[in-house]
Amino acid sequence: MAIKPNQYETLLSVCTDHEGALELLKRHRPYLEAVPSMRRPEESLITLPLPNVRVRDGVHLNPHSESIASGSVVTLPCDVALLMCDPEWKIKTGVEIFVYIHRPQEDFSDLLMRWRHTQILIDRGYEWLLPQKYEHLLSDGTDKSHPLFVVFPETPGHILQGLQGAGLPTVILPFDAQFEESAEPPSTLDIGDIPELDDIDTSALESPDE
């Protein structure tokens with residue numbers, strides 16, 4: 001079965017909400033443990049769908065493309081960026097996760113190339129264009145980027161095989177009523193039972209595929 005546009009669009013909208021993003025991270029524990037406070041996810045997790053950044057230096061995505069000038073604003077080819085924020089100090093922690101959702105009609109090379117282009121765009125420094133309510137935060141990007149690929153059960157097997165072979169964190173996310181409901185009023189997460197995740201040291205968080 002092929003990926004349907006409503007599957008992609010629904011999941012994108014769900015991951016835009018901090019609770020939906022947290023549900024996604026629960027499927028990849030190393031990234032879940034990077035969330036500064038599980039009790040205050042709305043203050044710990046900034047979600048940026050189809051995010052824009054300002055690049056510090058000029059860059060070429062490939063030899064046949066026009067140069068992107070220094071200071072240009074570009075839309076990153078990821079679907080959602082997740083920025084971790086200390087809820088007490090109101091500052092970014094430096095952990096940034098770039099989420100890539102398998103899109104309809106997208107093959108392995110196209111999906112992987114979105115991550116490769118992101119690596120090129122952010123390599124020489126960048127700053128986020130943040131929503132107004134986050135303008136008080138330091139917008140500089142981090143020097144460590146963490147990708148997360150999201151595929152569906154309908155995603156062709158060779159795509160999953162390729163992502164796993166490249167050592168890229170990947171989760172398979174069934175498209176069911178649970179996520180369609182989450183796109184309406186956000187559900188209340190029962191996260192009070194895991195307080196030990198509140199103050200996790202993320203300094204050892206490895207950056208895959210460097």
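Student: What makes the largest nonpolar core a core, and which residues have the most contacts inside it?

Tutor: In this predicted model, the largest nonpolar core has 30 residues, and Leu 76, Phe 98 and Trp 128 have the most contacts inside it. It's called a core because its members are buried residues of nonpolar types, Leu, Phe and Trp among them, joined through side-chain atoms within 4.5 Å.

Student: Which elements give two or more residues to this core?

Tutor: Strands 1, 2, 4, 5, 6 and 7 do, along with helix 5 (108–122) and helix 6 (157–165). Helix 5 gives the most, with 5 residues. There's also another core, of 27 residues, lying apart from that one; Val 35, Met 38, Val 99 and Leu 173 are among its members.

Student: How do you know which strands are the edge strands of the sheet with the order 1-4-5-7-8?

Tutor: Check the pairing. Strand 1 (45–49) and strand 8 (170–172) each pair on one side only, and that makes them the edges. The sheet is an open one of 5 strands, and its twist averages 25 degrees from one strand to the next.

Student: Why is the pairing in this sheet called mixed?

Tutor: Look at the two partners of strand 5 (residues 91–101). With strand 7 (residues 145–151), strand 5 pairs in the parallel sense over 6 bridges. With strand 4, the pairing is antiparallel, again over 6 bridges. Both senses occur in one sheet, hence "mixed".

Student: What makes strands 5 and 7 a pair?

Tutor: The cut-off is at least two bridges, and there are 6 here, so they qualify. On the residue level, Glu 96 stands opposite Ser 145, and Phe 98 has Pro 147 as its bridge partner in strand 7. On the strand 4 side, Val 80 stands opposite Val 99 of strand 5. The hairpin of strands 4 and 5 has 4 residues between the strands, and Lys 90 takes a positive phi near 60 degrees there.

Student: Why do you call strand 5 largely enclosed?

Tutor: Count the buried residues, meaning those under 20% relative accessible area. In strand 5 that's 8 of the 11, so the rest of the structure largely encloses this strand.

Student: What about helix 2: how many of its residues are buried, and which ones?

Tutor: Here it's 6 of the 8, so helix 2 is largely enclosed too. The buried ones are Glu 19, Gly 20, Ala 21, Leu 22, Leu 24 and Leu 25. Helix 2 (residues 18–25) lies across strands 1, 4, 5, 7 and 8, at about 100 degrees to strand 1.

Student: What makes Asp 17 a cap of helix 2?

Tutor: A side-chain oxygen of Asp 17 lies 2.9 Å from the backbone nitrogen of Glu 19, at the N-terminal end of the helix. The limit for a polar contact is 3.5 Å, so the pair falls within it.

Student: And how do you know that strand 2 (residues 52–55) and strand 3 pair?

Tutor: They're joined by 3 bridges and run antiparallel; at least two are needed, so they pair. Val 53 stands opposite Val 74 of strand 3. These strands belong to an open antiparallel sheet of 3 strands, in the order 3-2-6. Strand 3 (73–75) and strand 6 (126–128) are its edges, and the twist averages 35 degrees from one strand to the next.

Terms used:
Residues are numbered from 1 along each chain as its sequence is written. This is a predicted model: local features need pLDDT of at least 70, side-chain atom pairs count only at pLDDT 80 or more; totals for chains, interfaces and linings use all residues. Side-chain values use heavy atoms; hydrogens and water are left out. Axes are lines fitted to C-alpha atoms, for helices over the stretch in contact, and angles run from 0 to 180 degrees between N-to-C directions. Contact means heavy atoms within 4.5 Å. Buried means under 20% relative accessible area, exposed over 50%, partly exposed in between (1.4 Å probe, protein chains only). A polar contact is a pair of N or O atoms within 3.5 Å; within protein, one must be able to donate a hydrogen and the other to accept it, and residues adjacent in sequence count only if both atoms are side-chain atoms.
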